[in-house]
Each structure stands twice: as structure tokens, then as C-alpha cells.
Amino acid sequence: MNTTTTNKNGHETEKAAETQTRIQTLPHAGDLKNVMLWYFLRGMLATKLPWKKTAWTGAGFPIELLWAYDVFPLHPENMATVAAARKQSQRLIEHAEGMGYSRDLCSYCKTNFGAVDTGIKTTLGGIAKPDFIAITNTICDTHWKWFHIQARKFKVPTFVFDCPSYVSGTDEKTMEGYVDYLVEQFFEFHVFMRKHFGRNFDESKMRMVMEKSDRLCALWNEIYELRKSVPACYSSAETSASFFPLVVLPGVDVGIKFFEKIRDDLKKRVDRGEGTLNTGKEKFRLMYEGIPFWYRMKFMYELAKYDAVVVYEPYTYSFGPRKPLDLNLLDTLRHVARTMLDLPYSYNLEKRIGYFKKVIEEYRLDGVILHENMSCRPSSTGMMDLKEAIQRDCGIPVLILQCDMNDPRAYSEGPVRTRLEGFIELMEENRRRGS
Amino acid sequence: MPNGVSQGEKPTGTGYTNITGAVHVKTIAYFDSSHDMPEEVIDAAGFIPVKIMGDVHKSNDPADQYLPKFFCPAARSWLTEALSRSGDWEGIVFAHGCDATNRHFDVWKLHVQTPFLYWFNSPIKTDAVAARFFRKELERLIAALEKQFGTQVMEECLREALRKSNEVKKRLRELSALRSTKDVSNREYLEIITHCLSSSKDASIAALDSALNEWKSRGPFPAGKRRFYLTGSDITYPEFMDLLDECGIRVVRDDLSLGERYFATSFTETGDPLNAIVDYYMNIPRPATKLSIGGRVDFILKSLEETPVDAVLSQNLKFCEPYAYDSVIVNDEIREKGFRVLHLEREFTPVTDHQVMNRITAFTEML
Ligand code: SF4
Ligand code: SF4
């Protein structure tokens with residue numbers, strides 16, 4: 001049953017009753033648990049067996065490089081999201097603040113500081129000490145600052161890929177110079193691995209890893225193609241979790257099998273003309289830019305109450321760039337370097353505006369939610385300009401929500417709801433004007 | 001005194017005439033979150049390099065239209081300044097700095113009116129690969145300046161720029177050393193440095209010479225004042241330095257970019273000048289915006305060995321992440337060496353913060 005409320009402007013807002021419209025998960029959604037279990041068990045083994053090596057790494061780092069060296073990637077950001085989902089992040093963040101870390105710092109980082117200092121269990125977001133640290137500044141400085149601090153405490157070696165910033169207006173020649181700089185650092189990484197762990201580079205292993213990684217990314221791209229369908233077949237309520245293999249498992253089989261099942265589920269759903277909303281009454285197709293509120297994933301599910309579905313997230317899309325394979329090793333490295341410098345999540349403003357406009361058209365979007373993340377200054381820069389450009393050029397409303405991805409203290413239930421409802425009203429009005 | 005016009009200089013319409021009557025060329029402003037921008041290249045291209053430092057007395061409303069308030073207020077103040085003053089400059093060079101600034105370039109590109117907005121990617125690492133990259137970036141900057149302004153950056157001009165820069169740094173080192181023996185206020189020290197960062201090198205040298213003469217004749221270090229080491233976020237306005245004086249603190253050593261980091265080392269004057277620039281910037285004391293923490297700690301501890309101090313003041317500008325990340329571990333490592341450290345957070349304001357004063361006073365009373 002739909003309820004009708006009247007807002008302060010006298011417009012009527014149709015709201016589906018909470019119990020009625022909801023996200024229906026895919027038949028194989030639950031298989032993600034097995035993928036995660038595989039990862040965590042392998043991780044446990046890798047940290048216990050003396051001949052195995054582990055590295056802490058983060059978003060933007062070419063994980064394939066680690067798999068190619070038979071290094072198991074531990075992912076503090078990912079574990080920080082686990083802590084948030086298990087309702088542990090706030091206490092860990094407050095613990096880190098008690099250690100002297102400012103309230104203004106990235107909450108992933110503070111969750112990790114708290115997790116390490118309290119020795120919390122892996123199932124609640126804890127993480128083992130690594131053999132070394134491998135990180136890059138391509139997305140943010142927080143990554144290398146945070147990891148550098150931990151490396152100094154653990155007394156483990158660190159390798160940082162220094163990625164130049166690819167700002168608006170950078171020409172191709174300059175970009176090539178940046179790629180050269182990164183490729184030189186790949187060779188430095190090989191020197192680092194030999195020096196600290198006596199490991200040599202195995203080109204055939206690297207090629208195999210890259211092939212698998214590209215297979216995983218190709219599947220993710222197929223999934224994103226299917227997400228163009230109307231009604232939406234897959235929402236961010238699910239993708240925010242299911243993209244996990246792209247974070248740590250590019251280069252191994254386990255994620256590929258999972259993505260194949262998801263892709264097949266989606267194909268069936270699309271062929272049947274069904275959507276992710278159980279009622280099939282999809283009204284608003286949305287983009288969500290930024291990191292989700294991991295401590296409150298209900299937000300993504302609750303959009304269904306308004307017959308709204310997030311069908312595109314630059315955040316999850318960013319983890320799946322294709323890796324062309326008909327290239328020689330040097331070209332492959334150049335390609336990897338280029339993707340490190342130029343990820344959708346960290347596109348410069350000019351490129352980001354063009355990218356958003358294209359996605360809005362291709363995915364037939366009715367509105368955009370921008371998460372102005374108090375933890376993440378890099379991704380929050382330029383949001384006001386982005387909002388203005390979208391509203392002006394695409395004629396759809398944009399909602400900026402100032403919150404935090406891991407710190408529940410920055411999320412206020414009432415104001416978020418009020419602003420969300422105002423946004424829904426704007427889309428309603430847009431719809432009315434359009435029709 | 002406005003940026004780009006030094007004391008003793010007057011605008012001439014096409015350039016500035018300094019006290020010796022020589023005509024100076026126009027200014028190019030630069031943006032860097034520490035001391036990353038090779039201003040000597042701008043100098044060699046025939047422009048006065050002017051560091052954008054913002055104005056703590058002006059509201060950040062203009063910048064706040066484009067940047068959220070949880071961004072570093074100093075960086076927002078720089079945008080505010082550029083929005084209103086970019087017409088005074090021939091162009092702006094924007095150096096890779098920190099998260100509060102790197103992506104700001106894109107915002108500036110949309111909103112700041114200037115014929116020349118240039119991005120200079122200074123690396124965060126200092127190894128041989130980074131040094132090669134830095135040199136390429138220097139060559140790219142030189143080519144861009146030459147193209148934009150129809151000028152030529154000659155090797156002799158670069159050499160001369162390095163020589164003059166060294167002259168400035170040498171005098172600043174001498175002045176800085178007087179802080180622990182003479183009666184030099186915190187404000188005077190900051191003001192002479194900010195003057196050097198916004199004036200021609202000739203004008204800076206003249207101002208430094210006269211300050212040197214005058215400071216040398218000052219009375220001894222005032223009895224009752226405490227000698228402090230100052231670290232943390234850069235301080236761009238003298239009111240905070242006044243506050244320290246009011247609390248009975250004299251800063252005698254520091255590792256700030258508007259401070260010792262700027263003049264701790266010099267350029268090699270022989271050999272290829274571009275290589276000398278690379279060497280210099282790869283070897284200046286590390287700020288929190290660059291690798292590594294160890295380098296920062298080592299520099300601080302070395303200074304603390306050289307100059308006896310009563311304590312270390314570590315301060316963090318609200319929302320300044322790089323120094324906030326470093327502060328816990330850096331301060332712990334300094335404490336481990338037996339030094340007393342006070343850490344505090346400050347707002348970007350010229351108004352006296354009584355809470356901050358109370359904390360400092362309580363701390364100094366315990367010494
Ligand atoms: S949330 Fe932002 S600042 Fe924090 S680690 Fe991720 S990208 Fe970096
Ligand atoms: S004060 Fe801190 S945050 Fe602000 S520009 Fe400087 S280093 Fe960056």
C-alpha cells in the first residue's frame with residue numbers, strides 16, 4: 001500500500017510503505033560469504049606460515065603486483081569497513097583519538113589505529129601485522145601517512161608508489177612523463193622485493209595474474225552494462241559488498257567464479273524484465289558518489305521506500321579498470337601505471353564532470369547523491385562545482401550529504417532523512433515537469 | 001605590506017623600482033603547502049616569486065562557496081586571496097602539496113582569473129628516480145614559462161637566482177641564530193621570513209642586512225622567557241607568534257616552512273644549476289607532506305642537540321591532516337629523547353585564543 005503525504009510546499013509525495021518495496025537480493029548473493037571466508041582463511045595461513053609473506057596495501061595500489069610475487073594482500077581499509085559493519089568502528093576511532101589522533105583525520109585510518117592498538121579480532125575488523133607495507137598516494141595522502149606511521153611502529157619496510165597528480169588540463173605529453181615515473185618505480189619495487197625478501201620477478205606469473213585480473217574486471221564491466229537495464233537489476237545495496245573480490249582478489253580464481261554467478265543471475269533477471277525492487281515500481285534511478293556509510297548500510301536499502309535505486313557508483317566501478325593483455329610487459333606496466341594515475345574515483349574535476357554527465361545519460365539517472373565525506377578531503381574536493389555542473393547541464397537534482405563513511409558520529413538520522421525526502425520531492429517535480 | 005611590493009619599492013606600472021633604482025619585473029605567485037616550489041626558476045625567468053599566504057584577517061566566505069569548511073582554513077584563505085588578488089600577478093604556479101591542496105588546482109582552474117595557472121608536480125620521495133622526475137618537472141616548468149611569457153630562462157640567470165637565494169638563506173640563518181641570544185620577538189622573526197617570501201631577492205637581502213645590524217645590537221635574551229622549539233603546521237600570521245610571546249615563550253628553533261626549513265640548506269653554486277635545484281629540494285628538511293617521518297624527527301633532534309631549549313611546542317592548525325598524522329609519533333619520539341613536548345590544536349584566527357594560552361601557561365609553569 002502506498003502512503004501519500006503532503007509536504008510544506010503543498011506537493012504530494014508518494015511513499016511506498018516500508019514493508020512493501022524492498023531490495024530483492026540475487027540468488028547467488030550469499031556466495032560472497034564463501035569468497036570472504038576463502039580470503040580470511042588464506043590470510044590467516046599466510047600470516048602464520050613463516051615462508052609466506054604478507055603486505056598491507058590500499059586502494060589504488062596494483063594488487064596484481066603482490067599476487068605476482070606470491071605476497072598475500074592484507075587490506076586495512078577493507079578491515080575498517082568490517083569494523084564499521086560490525087558496529088565496532090566508533091569505539092576504535094575513539095580509542096585512536098585517545099591515543100592523540102585528531103578528530104579531523106580519516107576514520108579508516110583511526111579505525112585501524114584503534115584496531116591494532118586494542119588487538120581486536122579479525123572478525124570484528126582486526127588485522128595482522130604485515131611483513132611489509134606497499135602503498136601509493138594516488139588517491140590520497142592519508143594512505144601513505146597512515147601506513148608510514150604503522151610501518152615505523154612495526155619496524156617493517158615500506159614501498160610507496162609516488163603518483164603525480166593528474167590535474168585538470170594535463171596534456172598527453174605530461175601524462176606520459178608521469179607514466180614514465182611510475183614505470184621506473186615498478187622496477188624499484190622489484191629491487192625492493194629482492195632486497196628485503198629475496199624474491200625475483202616472474203614474468204609468466206605476472207602475466208597469469210594480469211589475465212585473471214582482467215577477467216575479473218571484464219565481468220565487473222559486464223555487470224555494469226547489465227545495470228543499465230530498466231528496471232534496475234542490481235543496486236548499490238548489494239554491489240557495495242559484492243565488489244569485494246576487486247579490492248583484494250584480482251589475479252586469483254575465487255572472485256571470477258563468484259562474479260560469473262552474479263552476472264548470470266543478473267542476465268536472467270534482465271531477460272525476465274524484472275528489477276531489484278520487488279514491486280517492479282522503479283521510479284528514481286540514482287548515482288551515489290563516494291564511499292557508503294559502512295556503519296549504516298541500511299541507507300542503501302531504505303531508498304527502496306521511495307522507489308529509488310542506486311544503479312551506479314563511481315566508487316565500486318573504479319575498482320574494475322580493464323587491463324589489456326595483448327601487450328608486452330613494458331606496455332602492460334605502462335597501462336597499469338596509467339590506471340593508477342587516472343581512476344574514476346580520483347578523476348580530476350574536468351574529467352569527473354564529463355564522466356558523470358556520460359553516466360547520467362547512459363544509465364538514465366534521475367538524481368545524484370554526493371557523499372561529501374568529512375574523512376576524505378580528496379574525494380570531497382570540487383563537489384560543489386560538480387553539483388552545479390550536473391544540475392545545470394543535465395537538469396537533474398543533486399543531493400550533497402556531509403557525513404563520514406566509518407564514523408557514525410557524523411551521521412544524523414533526522415537531518416539525513418529530511419534532506420533525502422527533499423531530494424525525492426525535487427525528482428518528483430522534475431518528473432512532473434518532464435512529463 | 002602587499003605581496004610582491006617590498007618595503008622601499010614602489011609600483012611603476014610595468015614593474016617595480018627598488019631602493020637602488022633598478023627596475024624589477026612583475027610577480028608570479030606560487031602556491032605550496034610547505035617549501036616545495038622552486039621559486040628560483042620564477043626568479044630566473046624574470047619575475048618576483050611571491051608565496052601565497054592568505055590573510056587571516058579576511059573571511060573565507062569567497063573560498064567557502066567552492067570548498068567545504070572541513071578543509072584546512074589556510075588553504076581556503078589562499079583561494080580567497082587568489083580570487084581577489086590574481087589580477088596583481090602575471091600567473092600562478094601551483095606545487096603538489098597535501099590533500100588539502102592537490103585537488104584544489106581544479107577548483108582554482110575554474111574560478112581564479114589568471115592567464116597562467118600551472119601545475120608543478122614535486123615528488124614526495126627523494127631517491128634517484130624521484131630526482132630524475134623532479135628535474136623533468138623543472139624543465140617542463142621552464143618551458144611553460146618561456147612559452148607563456150616569451151622569455152628565456154638562461155643558465156646564467158638560474159645561476160644568479162641560486163646565488164641570490166643563497167644570500168638570503170645565509171642571512172636568514174644568521175638572524176635565526178640570534179633568536180636564542182638576543183631579544184628578538186617571535187613576530188619579528190616570522191615577519192622577516194614572510195617578507196623574504198613576498199619580495200625580490202635584492203629587496204630581501206637589503207632588508208635582512210638592516211635587520212641583522214639592528215638585531216645584533218639588541219639586548220640579551222630576556223630573563224624570564226622560555227626557549228622553545230616550534231614544530232607542526234606552518235604559521236602564516238604573526239598574531240599566533242604574539243600569543244606565544246605573551247605566554248612567555250620565545251621560539252629559538254623550528255622546522256617550519258616559513259622558518260628554518262626555508263633556509264636550513266643552500267644551493268650548490270657550481271655545476272649544472274638545474275641539478276643544484278634538484279639536489280637542494282631533495283635534501284631540505286622534510287615537511288609532513290613528504291616522505292619520511294624519520295627525516296623529520298632526525299632534523300628536529302639534531303636542532304635540539306645544537307640549541308638548548310626548555311621544551312617543544314607542537315601545534316596543529318585545525319583540519320591540517322599531514323601534521324596531525326605525524327604529531328603523535330613525532331612527539332612521542334622527541335619525548336623518548338627526554339624533551340618535554342606540548343601539543344595543541346589552533347584555529348586559523350588572529351584573535352587571541354584564551355584556551356590555547358591557558359594550556360601553554362599551565363605547561364610552562366610546570367617546567
Ligand atoms: S577515505 Fe579518503 S582519505 Fe581515507 S583512506 Fe580512503 S581515500 Fe584516503
Ligand atoms: S596547513 Fe596543513 S593542510 Fe593546510 S595546506 Fe599546509 S600542510 Fe596542507
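Reader: What is a disulfide here, and how many does a search of the whole structure find?
Author: Glad to start there: a disulfide is a pair of cysteine sulfur atoms within 2.5 Å. This is a predicted model, where local features need pLDDT of at least 70, side-chain atom pairs count only at pLDDT 80 or more, and totals for chains, interfaces and linings use all residues. Side-chain values use heavy atoms, without hydrogens and water. Over all chains, the number of disulfides found is zero.

Reader: Why is there no bond from Cys163(A), and which cysteine has the closest sulfur?
Author: Cys163(A) is buried at 2% relative accessibility, where buried means under 20% relative accessible area (1.4 Å probe, protein chains only). Cys140(A) is buried as well, at 8%. The bond is missing because the sulfurs are 11 Å apart, too far, and the closest one belongs to Cys140(A).

Reader: What is the strand order of the open sheet in chain A?
Author: Strands are DSSP runs of E, at least two residues, and helices are runs of H or I, at least four, numbered from the N terminus. Two strands pair if DSSP finds at least two bridges between them. S4 (71-74) and S6 (158-161) of chain A are the edge strands, each pairing on one side only. With parallel pairing, the four strands run in the order S4-S3-S5-S6.

Reader: Which residue stands opposite Ile135(A)?
Author: Strand S5 (residues 132-136) of chain A pairs with S6(A) in the parallel sense, over four bridges. Opposite Ile135(A), in S6(A), stands Val160(A).

How values were computed:
Residues are numbered from 1 along each chain as its sequence is written. Chains are lettered from A and ligands numbered from 1 in the order in which they are written. Buried means under 20% relative accessible area, exposed over 50%, partly exposed in between (1.4 Å probe, protein chains only).
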